[in-house]
Amino acid sequence: MRHLLVILIAFYSAFTFAQETIEHEPVANKAEYYVSSFNPRKDIDDLMDWAADFEAWQNESGLYDSMSTSLLVPYFISDTSQHDLVWLNIWPSSTEQYAGLDNWLNNGGKLLSKLPVTNSQVVDTWQWAISEPEGESSIGMVRYSDCKMKEGVSGRQAFNAYKNFAIAAKEKGDNLGRKMIFPSAGGTEGDYDYVYALYANQASALGAGADLYWSAINGSDEDIALGEVIESCSNYRTYSSMDIKAAK
């Protein structure tokens with residue numbers, strides 16, 4: 001009887017802990033990252049011309065209305081010779097993503113032959129949005145890092161800690177976007193659990209957010225709680241970002 005009571009108490013404590021710590025429900029979307037380099041005698045102007053043709057082609061079917069597209073250019077990165085840009089498509093669901101891919105594979109060959117870049121890596125991912133910046137987007141910036149959770153910590157618990165941190169940071173004036181990204185195919189192998197994205201609608205906001213963290217957020221209860229679920233983050237790299245196509 002005593003052993004049964006101990007088991008019941010332990011179960012209740014674990015259940016209560018889960019109820020208390022998992023407060024936020026992540027909403028997943030899909031994203032495709034095309035890591036590319038320009039073909040000989042091609043540049044960003046050629047890519048923008050191709051992007052206009054690509055959008056016109058998308059409009060013919062209506063399958064891509066829910067997809068948004070951004071262009072990422074490496075800025076602070078360990079080896080700038082690795083690639084010239086990253087083309088990013090974001091979809092609200094896997095169903096819509098793969099309907100678009102089906103149409104592209106069957107009908108996009110002519111447009112693909114005119115692509116002025118060569119892809120060296122294509123990554124399919126799931127993403128959990130933690131926070132989104134307010135205001136209009138211009139030339140923004142995004143910083144990625146490869147992060148590992150502490151032993152026994154689940155992705156849901158890490159998301160919960162990030163969400164509480166983002167809410168508390170916003171109350172201090174923070175206006176940054178955050179995502180947990182989980183590569184499902186094509187990702188670079190490594191000792192990490194997810195890729196963390198920290199981004200801003202304007203480059204200046206990313207710098208302001210960094211200063212705000214050290215002056216008003218560092219050491220807060222939410223900051224400490226976040227540190228208790230993250231083992232480490234590494235391989236930091238920063239890109240400038242520009243919207244190419246908005247979802248309708």
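These legends go with a set of close-up views of a predicted model.

**View 1. Strand β8 and the partner strands β2 and β5.**
Start with β8, residues 230-245, which pairs with β2, residues 68-76, in an antiparallel way through 7 bridges. To get your bearings on that pairing, find T69 and look across to K245 in β8. Strand β5, residues 139-149, also runs antiparallel to β8, and here 10 bridges do the joining. A handy landmark for this pairing is M141, whose bridge partner in β8 is S240.

**View 2. The cavity lined in part by α2 and β8.**
How many cavities of 30 Å³ or more turn up in a search of the whole structure? Just 1, with a volume of about 40 Å³. Its lining is made up of A51, F54, E55, Q58, T69, W87, I244 and K245. Two elements, α2 (44-59) and β8, each put two or more residues into that lining. Helix α2 gives the largest share, with 4 residues. Sorted by class, the lining residues come out as 4 nonpolar, 2 polar and 2 charged. You'll recognise T69 and K245 in the lining; they are the pair that stand opposite each other in View 1.

**View 3. Helix α6 and its packing partners.**
Helix α6 covers residues 203-217, which makes 15 residues. From first C-alpha to last, α6 reaches 20 Å, close to the 21 Å expected at 1.5 Å a residue. Which residues of α6 are buried? They are A205, L206, G209, L212 and I217. These buried residues pack against quite a list of elements: β5, α5 (155-171), β7 (194-200), α7 (221-227) and β8. Just past the end of the helix, have a look at G219, which takes a positive phi of about 85°.

**View 4. The largest pocket.**
This view shows the largest pocket, which holds about 710 Å³ of space. A total of 30 residues line the pocket, and S70, I90, K179, Y199 and D243 lie nearest its centre. Where does the lining come from? The elements giving two or more residues are β1 (28-38), β2, β3 (85-91), β4 (117-131), β5, β7 and β8. By class, the pocket lining splits into 14 nonpolar, 11 polar and 5 charged residues. Strand β8 is worth tracing from view to view: it pairs with β2 and with β5, helps line the cavity, packs against buried residues of α6 and adds to the lining of this pocket.

How values were computed: Residues are numbered from 1 along each chain as its sequence is written. This is a predicted model: local features need pLDDT of at least 70, side-chain atom pairs count only at pLDDT 80 or more; totals for chains, interfaces and linings use all residues. Side-chain values use heavy atoms; hydrogens and water are left out. Two strands pair if DSSP finds at least two bridges between them. On a 1 Å grid over the protein atoms alone, a cavity is a set of points where a 1.4 Å probe fits but cannot get out, and a pocket is an open set with protein on both sides within 12 Å along at least five of seven lines; lining residues have an atom within 4 Å of a point. Grid points are joined across faces, edges and corners, and a volume is the space filled by probe spheres set on the points. Ala, Val, Leu, Ile, Met, Phe, Trp, Tyr, Cys and Pro count as nonpolar, Asp, Glu, Lys and Arg as charged, and the others, Gly among them, as polar. The expected span of a helix is 1.5 Å times one less than its number of residues. Buried means under 20% relative accessible area, exposed over 50%, partly exposed in between (1.4 Å probe, protein chains only). Contact means heavy atoms within 4.5 Å.
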